[in-house]
Amino acid sequence: MKLTILSLAVLGLSGGNARAQAVVSAPVLEVQSGIQTGLQKTMKGLSKAANILVKAGVKEQELTKVFSEKNLKLARTWYDGLLQVSSAVRSYRRVQSVFEKQGKIIQTYSTAIETLRQSPFVQPEQLSLMTSVYTKMLTQSANTLSDLQTVVSPTMLKMTDAERMRFIDKLDVKISDQLSLITYYTQRNYVQMHLAEQKARDAQALNALMGAR
């Protein structure tokens with residue numbers, strides 16, 4: 001509680017206290033936003049788990065490692081720049097939504113690619129194609145998150161709060177579509193995997209039946 005009060009006091013000071021703002025900005029804002037800490041924990045966990053698999057030779061999880069670390073970096077840039085915008089923009093719920101959906105996109109890929117990689121019914125060339133498509137999707141969502149930095153960039157400080165919020169709204173809609181797309185693509189891959197499994201089992205059953213005759 002004391003830290004929150006201190007944060008508000010610092011945010012209300014004039015430019016003469018810019019040094020004080022710089023000193024407390026990152027830790028204070030992180031304490032104020034529990035979701036930021038939660039997102040960091042999730043991304044760090046994904047990065048750590050992916051790194052272990054990458055070292056074990058699972059090249060597909062390199063994407064998880066790269067994009068989770070990129071997500072962390074973008075989140076830090078956003079939160080470090082929050083002192084440049086108003087409290088209305090800082091607390092705008094759709095900012096949280098953008099970061100959450102980007103995290104879900106990375107998690108969806110990480111889980112899906114591991115399931116598909118371990119399946120004996122997904123051929124190497126199929127997995128390679130899937131990874132290529134996923135790479136494009138992850139890159140697009142990361143670019144959307146990068147666009148969010150525009151709101152706190154020095155070149156956009158003349159934007160009004162209303163303009164910033166409309167810009168954030170568009171990004172939230174965009175990343176929602178990207179999350180839906182990667183979810184759909186993943187489900188399609190799972191269906192193909194299950195169909196291949198069923199086909200193999202049917203062939204095995206038919207061979208057993210013919211052999212019994």
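Buried means under 20% relative accessible area, exposed over 50%, and partly exposed in between (1.4 Å probe, protein chains only). Keep that handy for the exercises below.

This is a predicted model, where local features need pLDDT of at least 70 and side-chain atom pairs count only at pLDDT 80 or more, while totals for chains, interfaces and linings use all residues. Residues are numbered from 1 along each chain as its sequence is written, and side-chain values use heavy atoms, with hydrogens and water left out.

**Exercise 1. Sort out the pair at the start of H8**

Task: classify aspartate 161 and arginine 164 by burial, then say how they are linked.

Solution:
- Step 1: aspartate 161 has 30% relative accessibility, so it is partly exposed.
- Step 2: arginine 164 comes in at just 3%, so it is buried.
- Step 3: the two form a salt bridge, with the closest N and O atoms 3.8 Å apart. The term asks for a side-chain nitrogen of Lys or Arg within 4 Å of a carboxyl oxygen of Asp or Glu.
- Step 4: they sit three residues apart in helix H8, which means a separation of about one helical turn. Helices here are DSSP runs (H or I, at least four residues), strands are E runs of at least two, and both are numbered from the N terminus.

**Exercise 2. Do it again further along H8**

Task: work through arginine 201 and glutamate 197 in the same helix, H8.

Solution:
- Step 1: their salt bridge has its closest N and O atoms 2.7 Å apart.
- Step 2: the residues are four apart in H8, so about one helical turn lies between them.
- Step 3: arginine 201 is partly exposed because its relative accessible area is 48%, whereas glutamate 197, at 18%, is buried.
- Step 4: elsewhere, salt bridges with shared partners join Arg94, Lys101, Asp169 and Asp172 into one network.

**Exercise 3. Find a bridge between helices**

Task: which parts does the salt bridge of aspartate 172 and lysine 101 tie together?

Solution:
- Step 1: the structure holds seven salt bridges.
- Step 2: in the one between aspartate 172 and lysine 101, the closest N and O atoms are 3.0 Å apart.
- Step 3: aspartate 172 belongs to H8 and lysine 101 to H6, so the bridge ties together parts 71 residues apart in sequence.
- Step 4: both aspartate 172 and lysine 101 are buried.

**Exercise 4. Describe how H4 packs on H6**

Task: give the geometry of H4 and H6, then list who meets whom.

Solution:
- Step 1: two packed helices are described by the angle and the distance between their axes.
- Step 2: the axes of H4 (residues 62-80) and H6 (residues 93-118) come within 9 Å and cross at roughly 170°. Axes are lines fitted to C-alpha atoms, for helices over the stretch in contact, with angles from 0 to 180 degrees between N-to-C directions.
- Step 3: that makes H4 roughly antiparallel to H6. The cut-offs are under 35 degrees for roughly parallel, over 145 for roughly antiparallel, 65 to 115 for roughly perpendicular, and oblique for the rest.
- Step 4: among the H4 residues that meet H6 are Phe67, Leu74 and Trp78, and the H6 side includes Phe99, Ile106 and Tyr109. Contact means heavy atoms within 4.5 Å.

**Exercise 5. Place threonine 144**

Task: is threonine 144 buried or exposed, and what does it touch?

Solution:
- Step 1: threonine 144 lies in helix H7 (residues 124-148).
- Step 2: its relative accessibility is 0%, so threonine 144 is buried.
- Step 3: leaving aside neighbours within four places in sequence, threonine 144 is in contact with Leu171, Lys174, Ile175 and Gln178.
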